[in-house]
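Dear colleague,

I am passing on the structure we spoke about, and below it you will find a short account of what came out of going through it. Please read the notes with the structure open beside them.

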Amino acid sequence: MAIVVVTGTGTEVGKTVATAAVAAASLAQGLSVAVLKPAQTGVAEHEPGDAAEVARLAGPVTAAELARYPEPLAPVTAALRSGRNPVGPEEIAEAAAKLAAVHDVVLVEGAGGLLVRYDEKGSTLADTAALMGARVLLVAPAGLGTLNATALTAEALAARKVICLGVIIGSWAPDPGLAERCNIADLPVAANAPLLGALPERAAALSPAAFRAAAADWLAPELGGRWDAQAFAAHYAPAPYAPAPEAAPTPDPSPAPEVSAAPYDPTPQQPPAGTAPYGSEPQQQPGGATERYGSVPPQPGESIPPHASHPQQPGGSTAAYGSDSQQQPGGEASPYPSDSRQPGGQATPYASADQPAPGLPAQGEPGGTDAPAGGVPAQAPPMPGDRFSR
Ligand SMILES: Nc1ncnc2c1ncn2[C@@H]1O[C@H](COP(=O)(O)OP(=O)(O)OP(=O)(O)O)[C@@H](O)[C@H]1O
Ligand SMILES: C[C@H](N)[C@H](N)CCCCCC(=O)O
Ligand SMILES: [Mg+2]
C-alpha cells in the first residue's frame, strides 16, 4: 500500500538497521511488511544480504532482492564488472508495486547514498523514488560532517520533487559529543524535514527479541514508534555557548627591546609570516579578543543565547509533518534548552545526561527496553501504511 524508500547520506550509515527498526515497529502494529533491496553489492551468493538482515532483526517480513553483485561497489560498477545485468528504476518500481499490492508497507533500501548509480544511464535511487512517487526516509550519522551530506541529499530530493519524510540518526552513541548534540537541532534544518528517530549505537548487536521490543522506542510516532523528539532534544541539548574567561595578562619578564631610529625605507615590507594576505585581517578587539563577525563582543558575565536566530521548521512549526512532537511552546522552532527539563519544569523521561534514554541501553546492558515512556503523546492506530502517504 505504501512504498517508502530508505536512503542514507552514504554507505554504512545504518540504513539496514533503520529499515529493520521501521519494519519491526510496523509489524508490531499488525501491518504486513516487505523489504526490497534492489541491488545488493558486496555480499557473496551464500551470505545474507541487507533484506535478510532486516528479516533477522525485525521478524516476519517478505525479503526481496532483484540483483546481487559480489564486489563491494556501487551497483552499476559491480554489475558491469561481474558481467551481470544492472537493475534500473523501471524494474525496481515494478517489483515494489507488486509487493505493495499484497503488503501494507514496502521498504526499499538503496545501496550507499541517494545518487549512487544503478545502471549505465546513470539512474539513481532518487530517480526511482520519483518514478514511484514514493517518499523517502533519510538515514544520517549524528556527528560532524553529516550536515553537509544531509543538505545535499535533501537538495537532490527536492530537485526531483521527492518528499523527504524525515531523518533517522543511524547510530547514536551513549556519550555523544558536542557536534552530535548540536546536530539534533541542525539535522532537521539541513534536511528540511523532521527528525524521526535515533537508533542506539549497538542496536544491530541486540538479540532479535530485544531489537523488536525496543524498536518503537527509537522511532517517532510518524513511523509507528513512541520516540519523543522534543524530550530527546531536551535531554541531549548542549550547554549554552560560553566564551572561555579571558586570561589575566602575565607580566613579560624580558626587557623591552631597544628602539633604534632606522632610516625610512620606501620599499614595500613583506607581512610577517602568518598574516592574512587579503586585507581581511579580523579586527582586533581591545583586550586581545578577536572579533570576526562584526558583532559586539560579550561583556564579562553576559551570556549569549545559543543560536538565537536558528531557523524555524518548515511552516514556522513542525505541524506540517502531521505531528507536533517537535513543537515548542509558542510555536517556536526548537531552541537549545539549557537543561533536561520540559517547559513548565517537568522532568523529561531522560533523567539525566548520564542516563541512557528509553530504549537506548547503557553499555553492557542487554536491550534496556523496559524504561517507561513518560510524556509520550498518545497516537491513534494508523490505517495500514497511511503514515507514509500523508
Ligand atoms: N545502530 C547500530 N548498532 C549496531 N551496529 C550498527 C548500527 N548501525 C550500523 N551498524 C553497523 O554498521 C554497519 C553499517 O550499517 P548498515 O549495514 O545498516 O549500513 P547501510 O547504510 O545499510 O550500508 P549499505 O550502504 O551497505 O547498505 C553494519 O555492520 C551494522 O551492523
Ligand atoms: C558495498 C557497500 N556496503 C554498499 N552496498 C554499496 C555502496 C556504494 C557506494 C558508492 C559511493 O558512493 O562511492
Ligand atoms: Mg544496508
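**The surroundings of ligand 1**

In this model, which is predicted, ligand 1 is surrounded by 20 residues, the closest of them being Thr 11, Gly 14, Lys 15, Thr 16 and Ala 204. By character, the shell divides into eight nonpolar, seven polar and five charged residues. Helix H1 (15–28), strand S6 (164–172) and strand S7 (195–200) each supply at least two residues of that shell, and the largest share, three residues, comes from H1.

**The nonpolar core**

Helix H1 also matters when one turns to the largest nonpolar core, to which H1 gives the most, with nine residues. The core has 97 residues in total, and among these Ala 21, Ala 23 and Leu 219 touch the most other members. For Ala 23, leaving aside its neighbours within four places in sequence, the contacts are Val 33, Val 35, Val 54, Ala 58, Val 61 and Leu 107. As general background, nonpolar side chains tend to be buried together in soluble globular proteins.

**Thr 41**

One position carries an annotation that you may wish to look at: an unreviewed UniProt entry places the feature "binding site" at Thr 41. This residue lies in strand S2 (residues 33–41). Is Thr 41 buried or exposed? Thr 41 counts as buried because 25 other C-beta atoms lie within 10 Å, where the cut-off for a buried residue is 20 or more. Not counting residues up to four places away in sequence, Thr 41 touches Tyr 69, Glu 71, Pro 72, Leu 73, Pro 75, Ala 78 and Ala 111.

With best wishes

Definitions and conventions: Residues numbered from 1 in each chain as written. Chains lettered and ligands numbered in written order. Predicted model: local features only at pLDDT ≥ 70, side-chain atom pairs only at ≥ 80, totals over all residues. Near = placed C-beta within 6 Å. Helix = DSSP H or I, 4+ residues; strand = E, 2+ residues; numbered from the N terminus. Nonpolar A, V, L, I, M, F, W, Y, C, P; charged D, E, K, R; others polar. UniProt positions renumbered as here; feature names shortened; annotations may be inferred. Buried ≥ 20, exposed ≤ 12 C-beta atoms within 10 Å, placed from the backbone. Contact = placed C-beta atoms within 7 Å. Core = buried A, V, L, I, M, F, W, Y, C linked by C-beta atoms within 7 Å.
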